[in-house]
Amino acid sequence: MRNRALAFGAIGVVGMLALAGCGRADDAGQGGGGEAATVDESAAKGTIEVWAMGEEGENLADFADGFVKENPDAKVTVTSIPWTDVMTKYQTAVAAGTVPDAIMIGSSLLPSMVAAGGLAKVPGDLVDEESFNETALESTEVEGTSYAVPWYVETRVMYYREDLAEQAGVEAPKTWDDLTTFAEAMKANGSDYGIQLPMGDAEDSTQVILPFYAQAGGEVLNDAGDAYAWDEAALTEALDYYASFFTAGLAPMSGYGDAQTAAFANGSNPTFISGPWMVGVLGDQESPEWVDENVLTAPVPAGTDNNDSYLGGGHLGVFEDAKNADGAWKLIRWLSEPETQQEWFQTVNALPAVTSALDSEPFTSDPRLSVLNDQLENTVAPPSVPSWNEMSAFIETEAEKVANGSSAAESASAIVAKAESLGTGW
């Protein structure tokens, strides 16, 4: 597995969040002061209050009924928090001492939460660390200390209309040149475009640009992880490749847009790069039978160095001032069990962070899911530093300029200069 000591972003939110207070507080104010707690094997008790976001926040309360059945003296309450409000609510709660017990952490937010203080260290005996996706596990650490447990992961693969590809006489692309040829053939076959790619900060275009950069051989941080180390040549290559689909009219400047699935279903734009949830989205819009008959997935095409794809997902952490930290850690341990992770996938299509959970149905029989499993072996994710959100927003702006015809080399130079002036935020 290619793995990096990087933290990955929550689905669809990295580019949407303008985070305040990303700079490091004084060291004494960081989360995890003191020794990590220990958690025994006894049943959980009392009320466990959890904050969670998105579809996870909407479904966790009912899903946790399984935990309560095993721990009848416990009660789980879940407050659903909008993604855009997470950091503000987090900082306010920590400052006021009104924190819940546990919180779902969009993993790109972890460094900022640690810098703001309030998170407890993960007990060393809580879970079997070797059972987790290695990159996901590494992303729970800040400066060598783990402040969260991986909950779910997601990576991106290429979705395409198999029926239209057959008509166009092309197969799933394996290289950058193949992908360009594939998109050209799809458009020549009658589609309005050949591929959909995210555009701008509303869609977090870094979720494809960062993999393109990694595929060109670039690294985001230095070996010590304490400074940006952008390779300007690789960055220029990645930006130029991303922009080529827009300048050649192979991808719409509107990005994915509200009509993404409709454009895919009607064939006007028959290819996109996205995560595991799209299998269910397409099935809901058309039908599972339509997906089976017309849709395939493939690993993302490889650049000059590899075929890394974006890794995203979420973690779970516990507050230092939690009233029921013991119950919260036991809930997190239950959510980390392979069987629980498999059931959670059936609920929200979130890929298990525990690798053994991927070794059974439906991951072994559904070709669209098995491709996702294979892609997890080659992933890249944004760095676990507080300044990444500002850095990624700058990259998105520069990428949009290049897609509109500006110089990729000039934008790459501007990104390198921005990184030097911004620093990591530690």
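User: Why is helix H9 called oblique to helix H17 in this model?

Analyst: In this predicted model, H9 (residues 232-247) and H17 (residues 408-422) pack at an angle of about 130°, with their axes 8 Å apart. An angle over 145 degrees would count as roughly antiparallel, and 65 to 115 would count as roughly perpendicular, while the rest, apart from angles under 35 degrees, is oblique. The angle of about 130° falls in none of those named ranges, and therefore H9 is oblique to H17. The crossing of these two helices is right-handed.

User: Which residues make the contact between H9 and H17, and how do they divide by class?

Analyst: On the side of H9 the contact is made by Glu-232, Leu-235, Thr-236, Leu-239 and Asp-240, and on the side of H17 by Ala-408, Ala-409, Ser-411, Ala-412, Ser-413, Ile-415 and Val-416. Sorted by class, these residues are seven nonpolar, three polar and two charged.

User: What makes H7 roughly parallel to H9?

Analyst: The axes of H7 and H9 come within 11 Å and cross at roughly 10°. Angles under 35 degrees count as roughly parallel, so H7 is roughly parallel to H9. In the contact, Trp-176, Leu-179, Thr-180 and Ala-183 of H7 meet Glu-237, Ala-238, Tyr-241 and Phe-245 of H9, and by class this contact has six nonpolar, one polar and one charged residues.

User: Why is H1 described as oblique to H14?

Analyst: The axes of H1 (residues 54-63) and H14 (residues 338-348) come within 11 Å, and they cross at roughly 125°. Since 65 to 115 degrees is the range for roughly perpendicular and over 145 is the range for roughly antiparallel, a crossing at roughly 125° belongs to neither, and H1 is therefore oblique to H14. H1 passes H14 in a right-handed crossing. Glu-55, Glu-56, Asn-59, Leu-60 and Phe-63 in H1 meet Thr-340, Glu-343, Trp-344, Thr-347 and Val-348 in H14, and the residues of this contact divide into four nonpolar, three polar and three charged.

User: What makes S8 and S9 the edge strands of their sheet?

Analyst: The sheet is an open one of three strands in the order S8-S7-S9, with antiparallel pairing. Strand S8 (271-274) and strand S9 (295-298) are its edge strands, and each of them pairs on one side only. Neighbouring strands of this sheet are turned by 25° against each other on average, direction ignored.

User: How do you know that S7 and S9 pair?

Analyst: Two strands pair if at least two bridges are found between them, and strand S7 (residues 157-161) is joined to S9 by four bridges, so the condition is met. These two strands run antiparallel, and Met-158 stands opposite Ala-298 in S9.

User: Which helices pack on this sheet, and which strands do they touch?

Analyst: Helix H7 (residues 176-188) packs on the sheet and touches S7 and S8, with its direction making about 25° with that of S7. Helix H15 (residues 367-375) also packs on the sheet, where it touches S7 and S9, and its direction makes about 15° with that of S9.

User: What makes the peptide bond from Glu-361 to Pro-362 cis, and where is Pro-362 found?

Analyst: The bond from Glu-361 to Pro-362 is cis, with omega near 0°. Pro-362 is found in the loop between strand S11 (351-352) and H15.

User: What is the phi of Asp-204, and where is its place?

Analyst: Asp-204 has a positive phi of about 55°, although it is not a glycine. Its place is in the loop between H7 and helix H8 (206-215).

User: What is the average pLDDT of the protein, and where is the pLDDT below 50?

Analyst: The protein averages a pLDDT of 88, and 92% of the residues score at least 70. Over residues 1-29, however, the pLDDT is below 50, and this stretch has 109 contacts in the model beyond near neighbours in sequence.

Definitions and conventions. Residues numbered from 1 in each chain as written. Predicted model: local features only at pLDDT ≥ 70, side-chain atom pairs only at ≥ 80, totals over all residues. Heavy atoms only, no water. Axes fitted to C-alpha atoms, helices over the stretch in contact; angles between N-to-C directions. Left-handed = near helix turned anticlockwise from the far one by under 90°. Contact = heavy atoms within 4.5 Å. Nonpolar A, V, L, I, M, F, W, Y, C, P; charged D, E, K, R; others polar. pLDDT = per-residue confidence, 0-100.
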